[in-house]
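Here are my notes on this one, point by point. Have the model open while you read.

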Amino acid sequence: MAKHHVTTTINGEVSEFLCEPQETLLDVLRDEVGLTGTKEGCSSGDCGACSVMLDGRLVCSCLVLGVEAQDKSVETIEGMADGEKLHPLQQKFLEEAALQCGYCTPGVLIAAKALLETNDNPTETEVRYWLAGNLCRCTGYDKIVRAVMDTAADMRGA
Ligand code: FES
Ligand code: FES
């Protein structure tokens, strides 16, 4: 089948790739673009490991076709740090050991960043609801939620 030529912006840089019409954005990011920080858990929209931002909306990249990224802006975990400087969420996750195997962590961080961009003072319940679509099979939820809330407090104080 003929491949589609897609032009998009990934982490602020114009990017072009070829993909099959049925290929997911997740597969494109990992296999065509080489950005393997975005993880594949379920491939069915249930685990959140593949979370990315698409034109400012949090999406499961396993449920988006690569061709749908045409003329859109994609943000992945690779674009979260500012050069060597980690995003405050990344820094806090490290400081508070809010990860175990880390498989879910890229998706959790992308989702948490999306939350803090719309709500800089979430309650614990709001954090838990927001991250309900991001499964951590190590069940490290308490530390994840605490790290998100502590980051929000730091960012409000900054
Ligand atoms: S891999 Fe996309 S939601 Fe699980
Ligand atoms: S840290 Fe292992 S899946 Fe979340």
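1. Let me begin with a pair of helices: α2 and α5 come out as oblique to each other, because angles under 35 degrees count as roughly parallel, over 145 as roughly antiparallel, 65 to 115 as roughly perpendicular and the rest as oblique. The packing angle is about 130°, with the axes 9 Å apart. Axes here are lines fitted to C-alpha atoms, for helices over the stretch in contact, and angles run from 0 to 180 degrees between N-to-C directions. Helices (H or I, at least four residues) and strands (E, at least two) are DSSP runs, numbered from the N terminus.

2. Some ground rules. This is a predicted model, in which local features need pLDDT of at least 70 and side-chain atom pairs count only at pLDDT 80 or more, while totals for chains, interfaces and linings use all residues. Residues are numbered from 1 along each chain as its sequence is written, chains are lettered from A and ligands numbered from 1 in the order in which they are written, and side-chain values use heavy atoms, with hydrogens and water left out.

3. Back to that pair: α2 (residues 88-95) brings P88, L89, K92 and F93, and these meet I144, A147, V148, D150, T151, D154 and M155 of α5 (contact means heavy atoms within 4.5 Å). By class that makes seven nonpolar, one polar and three charged residues; Ala, Val, Leu, Ile, Met, Phe, Trp, Tyr, Cys and Pro count as nonpolar, Asp, Glu, Lys and Arg as charged, and the others, Gly among them, as polar. The crossing is right-handed (near helix turned clockwise from the far one by less than a right angle; anticlockwise would be left-handed).

4. Next, α3 (residues 105-118) against α5 (residues 141-157): the angle is about 40° and the axes are 11 Å apart. This crossing is right-handed. V108, A112, L115 and L116 of α3 touch I144, V148, T151, A152 and M155 of α5. The split is eight nonpolar, one polar and no charged.

5. And α2 with α3? They pack at about 130°, axes 10 Å apart, again in a right-handed crossing. L89, Q90 and F93 face T105, V108, L109, A112, K113 and L116, giving six nonpolar, two polar and one charged.

6. Now the sheet. It is open and mixed, with five strands in the order β2-β1-β5-β3-β4; strands pair if DSSP finds at least two bridges between them. β2 (13-19) and β4 (57-60) are the edge strands, each pairing on one side only. From one strand to the next the twist averages 40°.

7. How do the strands around β1 run? β1 and β2 are antiparallel and joined by seven bridges, with V6 opposite F17. Their hairpin has two residues between the strands, and N11 there takes a positive phi near 50°. β1 (residues 4-10) and β5 (residues 73-75) run parallel, with two bridges, and T9 stands opposite S73.

8. On the sheet, α1 (residues 25-32) touches β1, β2, β3 (51-54) and β5, its direction making about 100° with that of β2. Helix α3 lies across β3, β4 and β5, at about 40° to β3.

9. Finally, seven salt bridges (a side-chain nitrogen of Lys or Arg within 4 Å of a carboxyl oxygen of Asp or Glu). In one of them E75 partners K113, with the closest N and O atoms 3.5 Å apart. E75 sits in β5 and K113 in α3, so the pair ties together parts that are 38 residues apart in sequence.
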